[in-house]
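Let's take a walk through this protein together. Keep the sequence and the model side by side as you read.

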Amino acid sequence: MHDRIVLMLDGTRNLCYRDQRKLQGVQLADGAAVDRILDGLGPDALDVNREDFLELLSGRRGAIKSALMDQSVIAGLGNLLCDEILWRARVAPRTPTRNLSEKALRRIHAALGRVLEASVRAGCVPPRRSWLTGRRDDSEPLCPRCGSSMRSSRVAGRRTVWCPQCQT
Ligand SMILES: [Zn+2]
């Protein structure tokens, strides 16, 4: 089990904090401490419009996947979301952010909106077979768009799946 904290709410219900990957954990914070924590975060991904998105990412060093995963740039995008977004936008995860055209960044922003909206509605990144997320755990995952074998490797410290045919 990975339960790190269990809060007993009343006699019958518990609130469990489960953390398989040992992320940042739970902090008990007063108002000032909450402000300090939030100060280190970029804007919420759901609130970032296209102009802000272009500004936040333009000229950044490092791979686009690392930039999207960086919570100080944009808050709220995890590993599955980033892979799904980049697959939809047809951008390879290791592409240096500063090499991306404005057109490519616009495609990423549009994909981000659609993927987030569907994921918020579903309560998770939906593992539909027409999505990369629905294939990434197959033993030999095939791209749902072009049928090619997808590749898997570590990018930004996390297992990353992409289609070398569609994502250039
Ligand atoms: Zn493909």
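Against which elements do the buried residues of H4 pack? They pack against helix H3 (64–69), H5 and E4. Keep in mind as we go that this is a predicted model.

Let's stay with H4 for a moment. Nine of its eleven residues are buried, so the helix is largely enclosed by the rest of the structure. The buried set consists of Asn 79, Leu 81, Cys 82, Asp 83, Glu 84, Ile 85, Leu 86, Trp 87 and Ala 89. As you can see, the list includes Asn 79, Asp 83 and Glu 84 alongside residues such as Leu 81 and Trp 87.

Following the chain out of H4, you meet Arg 90, with a positive phi near 60 degrees, although Arg 90 is not a glycine. This residue sits in the loop between helix H4 (79–89) and helix H5 (102–122). Arg 90 counts as partly exposed because its relative accessibility is 41%, and partly exposed covers the range between 20% and 50%. Thr 95 lies in the loop between H4 and H5 too, but Thr 95 is buried, with a relative accessible area of 15%. Setting aside residues up to four places away in sequence, Thr 95 touches Gly 62, Ala 63, Ile 64, Leu 100 and Thr 168.

Now for the nonpolar interior. In general, nonpolar side chains tend to be buried together in soluble globular proteins. Here the largest nonpolar core has 29 residues, and Phe 53, Leu 68, Leu 77 and Ile 108 have the most contacts inside it. Helix H2 (50–57), H3, H4 and H5 each supply at least two residues of this core, and the largest share, eight residues, comes from H5. To explore it, try starting from Phe 53: leaving aside neighbours within four places in sequence, Phe 53 is in contact with Val 48, Leu 68, Ile 74, Leu 105, Ile 108, His 109 and Leu 112. Apart from this core lies another, of seven residues, among them Leu 132, Met 150, Val 161 and Cys 163.

Cys 163 brings us to the metal site. The protein donors of the zinc ion are the SG atoms of Cys 143, Cys 146, Cys 163 and Cys 166, lying 2.2 to 2.4 Å from the ion. In sequence, these donor residues follow the spacing C-x2-C-x16-C-x2-C. What arrangement do the four donor atoms make around the zinc ion? They subtend angles of 103 to 115 degrees, which makes the arrangement tetrahedral. For comparison, the ideal angle for four tetrahedral donors is 109.5 degrees. Two of the donor residues also show how burial varies at the site: Cys 143 counts as buried at 3% relative accessibility, whereas Cys 146 counts as partly exposed at 37%.

Next, look at the strands. Strand E3 (residues 151–155) pairs with strand E4 (residues 158–162) in the antiparallel sense, over five bridges. Within this pairing, Ser 153 stands opposite Thr 160 in E4. The two strands form a hairpin with two residues between them. In that turn, Ala 156 has a positive phi near 55 degrees, in a residue other than glycine. Ala 156 is partly exposed, with a relative accessible area of 38%.

Finally, step back to the whole chain. The domain assignment gives domain 1 (1–39) and domain 2 (40–162), and 27 Å separate their centres, taken over C-alpha atoms.

Conventions
Residues numbered from 1 in each chain as written. Predicted model: local features only at pLDDT ≥ 70, side-chain atom pairs only at ≥ 80, totals over all residues. Heavy atoms only, no water. Donors = N, O, S within 2.8 Å, 3.2 Å for Na, K, Ca; no water. Tetrahedral: all angles 85-135°; square planar, octahedral: opposite > 155°, others 65-115°. Buried < 20%, exposed > 50% of the residue type's maximum accessible area, 1.4 Å probe, protein only. Pairing = 2+ DSSP bridges. Helix = DSSP H or I, 4+ residues; strand = E, 2+ residues; numbered from the N terminus. Contact = heavy atoms within 4.5 Å. Domains from an automatic or database assignment. Core = buried A, V, L, I, M, F, W, Y, C linked by side-chain atoms within 4.5 Å.
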